[in-house]
Amino acid sequence: MSLCAYVAGIGVLGPGLPDWPAARAVLRGETAYVPAATVLPPPAILPPAERRRTGRVVKLALAVALEAAGRAGAEPKSLACVFSSSGGDGNNCHELCAALAAPGREISPTRFSNSVHNAAAGYWSIATGAVGASTVLCAYDASFAAGLLEALAQIAADGGALLLVAYDTDYPEPLRAKRPIPDAFGMALALTAQRSPASLARIEARLGAAACDRLADGSLEALRTSIPAARSLPLLSRLARAEAGPASIEYLDGSRTLVEVEPCA
Amino acid sequence: MKPVLLKHFTAVSCIGRGLAQILEALQQQRSGLAPCRFETVDLHTHVGEVPGVDAVRIPAALRAYDCRNNRLAELGLSQDGFADAVRAAAAAYGPRRVGVFIGTSTAGILETEIAYRRRVAGGPLPDDFQYAAAHNTFSVADFVRRRLDLCGPAVVVSCACASSAKVFASARRMLEAGLIDAALVGGVDSLCLTTLYGFHSLQLCSPGPCRPFDVARDGISIGEAAAFAWLERCPTSLDGGAVVLLGIGESCDAHHMSAPHPQGLGARLAMQAALAAAALPPEAVDYINLHGTGTPSNDRAESLAVTALFGGTTPCSSTKGATGHTLGAAGALEAVISALALQHGFMPGGVPATRVDPELGAGYLKDNRRTPPNRVLSNSFGFGGTNCSLLFGRAA
């Protein structure tokens, strides 16, 4: 059984990359990459009570998930989900640890509820009404590749359509000094088992040990290496250029996930 | 789905180190909960603390990974010859063909909590604080794979209290897709201030030992545990008594971050999906190990879901009155308890549940039943409205 799927929709949000069309133009070399702080939109699909409770990580994940589902023309509630993040909500984590170090140890119930690694997946389900399978992963710097392998294994084993959402946000100090993620970056792929008119490309993954792909543009390469979810950029780059061939993505301990891209003309 | 064999398994919790002690505690319906004396916690609550975790030593080569969560993992791996069985099996398959899937909600966050306390006047964290090896959610899977020299795919599943039930789903998909030939799955969650003060802030902690399904239940007791299983594709012929994972169901509530769907919609969908995956009707289930946390709303929602699907006669109980709610480890721990029930031919009664809530319609077991179950369903539900049900069976 091969680990393959069809990409039907893509979402991207990161520093200087406000959405997939903008990222696509940059990755195709049609516009220059101009790094700028990531701007996270308020999650309009959440009910107001929930919207007020969400932090950066939820805004980021929901934005890219919605973009990918929308571009695929898929009903969000119909999609199974794989969320993958190297760390969850850094600001929320800082606030909880600071409160627990203070006298009284009074912590906010909302912050505690939001501290679970699956917070973004929970809010996605509440926002869209999705009741299907959903899982949430972490593999430190390899979290994107781990999410991709999980998503492709799920499609290989069970078929259907799913959303892969990979996202990371930055920590404030003092955690930032220990985990210096500079800004927020997220990406999502709407994947299907079967080819459809919406299919952009077929992707097939395997594990390997080839050198991992780097990006020619120095600023994009810095983005790739500094935010774990941006390890997806070599794959996004091939998808943007509709270029057949392998994208070599960093996985665990110097191993690679090799993703063969075959555009659907 | 294609059935998956649980070839080896083990666990550590407040009711015992290893299978023999855990089995004995279950057979005696003994609880491991005690008033909270953990760390500097000043809450009026009971916890299921594993004794002796502080005395566990992490091998020098992996010193960076030293934290309570990984010590608990180390303690779990060293029970019942589990680590040796994994090494032998991994050598046969090749370490690249073995996947590692660990569920946790806490990872080593206790280390970060303590590091924040050690800061001077809002300054930096201490130099010896290890973000990647202790704090990060992946740290426990990274520790386990390095400890056992496994180099296939590895990941942490972190879906709150359903985490280590869902590792079985991830492993099963990767086995079926052919990327791996065997999987080490498990759950490791350790006591920390975030969960104790966090559940307290939500007013979800019982002051006494938790009483799932009791008429006077008033919240959870937080526990800690490490539980592991070694999974392989099912061979064509099985030894009698072998424990097999027959079905897995996953769902979301799409309702609320920290409260269950009032009718237990997501819970019912997960149980239905597990039955469908196994192509079995509800009558095929002999015993249900409930999520049964002991909060008024959780138990009510789960009871509604169970009775909607099974009626009110299928025997069910929660073992969290014995072990506490081990959060990210609960799915794997209760998978091990389900496997013990299948192998040793009994249905564990609830602990203590002296007065079962008459408003809950499910067929709650107060006492152990000596009827050997052939199939056991285990439920795990978590914050974010994430649900997972595992259906285990015993080979004839």
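Colleague: Which strand of chain A is joined to β6(B), and how many bridges join them?

Modeller: In this predicted model, strand β3 of chain A, residues 134-138, is joined to β6(B) by 2 bridges, and the two strands run antiparallel. One position to look for is A:Leu137, whose bridge partner in β6(B) is B:Val157.

Colleague: Before I read such details, what confidence does the prediction carry for chain B?

Modeller: As a general idea, where pLDDT is low, the predicted coordinates should not be read in detail. For chain B the mean pLDDT is 97, and 100% of its residues reach 70 or more. The model as a whole scores ipTM 0.98 and pTM 0.98.

Colleague: How many residues of each chain take part in the contact between chain B and chain A?

Modeller: Contact here rests on C-beta atoms that lie within 7 Å. By that test, 52 residues of chain B are in contact with 49 residues of chain A. Several elements of chain B each supply at least two residues of the side that touches chain A, among them α4 (109-118), β6 (154-157), β10 (243-252) and α9 (265-278). The largest share, 7 residues, comes from α7(B).

Colleague: What classes of residue make up that side of chain B?

Modeller: The side of chain B that touches chain A has 26 nonpolar, 17 polar and 9 charged residues.

Colleague: Let us return to the strands. With which strands of chain B does β5(B) pair?

Modeller: β5(B) pairs with β7(B) in the parallel sense over 6 bridges, and 4 bridges join β5(B) to β6(B), also parallel. B:Gly103 serves as a landmark: its bridge partner in β7(B) is B:Gly187, and in β6(B) it stands opposite B:Val157. B:Val157 is also the bridge partner of A:Leu137.

Colleague: Are the faces of β5(B) covered or open?

Modeller: Both faces are covered. On one side B:Val98, B:Val100 and B:Ile102 are buried, and on the other B:Gly99, B:Phe101 and B:Gly103 are buried. Thus 6 of the 6 residues of this strand, 98-103, are buried.

Colleague: How many residues of helix α2(B) are buried?

Modeller: For a helix, the general idea is that there are 3.6 residues a turn, so residues three or four places apart point the same way. In α2(B), residues 68-77, 9 of the 10 residues are buried. They include B:Arg68, B:Arg71 and B:Glu74 as well as B:Leu72, B:Ala73 and B:Leu77.

Colleague: What covers these buried residues of α2(B)?

Modeller: The cover includes the strands β1 (4-13), β7 (182-189) and β9 (225-233) and the helices α3 (82-93), α4 and α6 (139-147) of chain B.

Conventions
Residues are numbered from 1 along each chain as its sequence is written. Chains are lettered from A and ligands numbered from 1 in the order in which they are written. This is a predicted model: local features need pLDDT of at least 70, side-chain atom pairs count only at pLDDT 80 or more; totals for chains, interfaces and linings use all residues. Two residues are in contact if their C-beta atoms, placed from the backbone, lie within 7 Å. Ala, Val, Leu, Ile, Met, Phe, Trp, Tyr, Cys and Pro count as nonpolar, Asp, Glu, Lys and Arg as charged, and the others, Gly among them, as polar. Two strands pair if DSSP finds at least two bridges between them. A residue is buried if 20 or more other C-beta atoms lie within 10 Å of its own, exposed if 12 or fewer, and partly exposed in between; C-beta atoms are placed from the backbone. pLDDT is the predictor's confidence in each residue, from 0 to 100.
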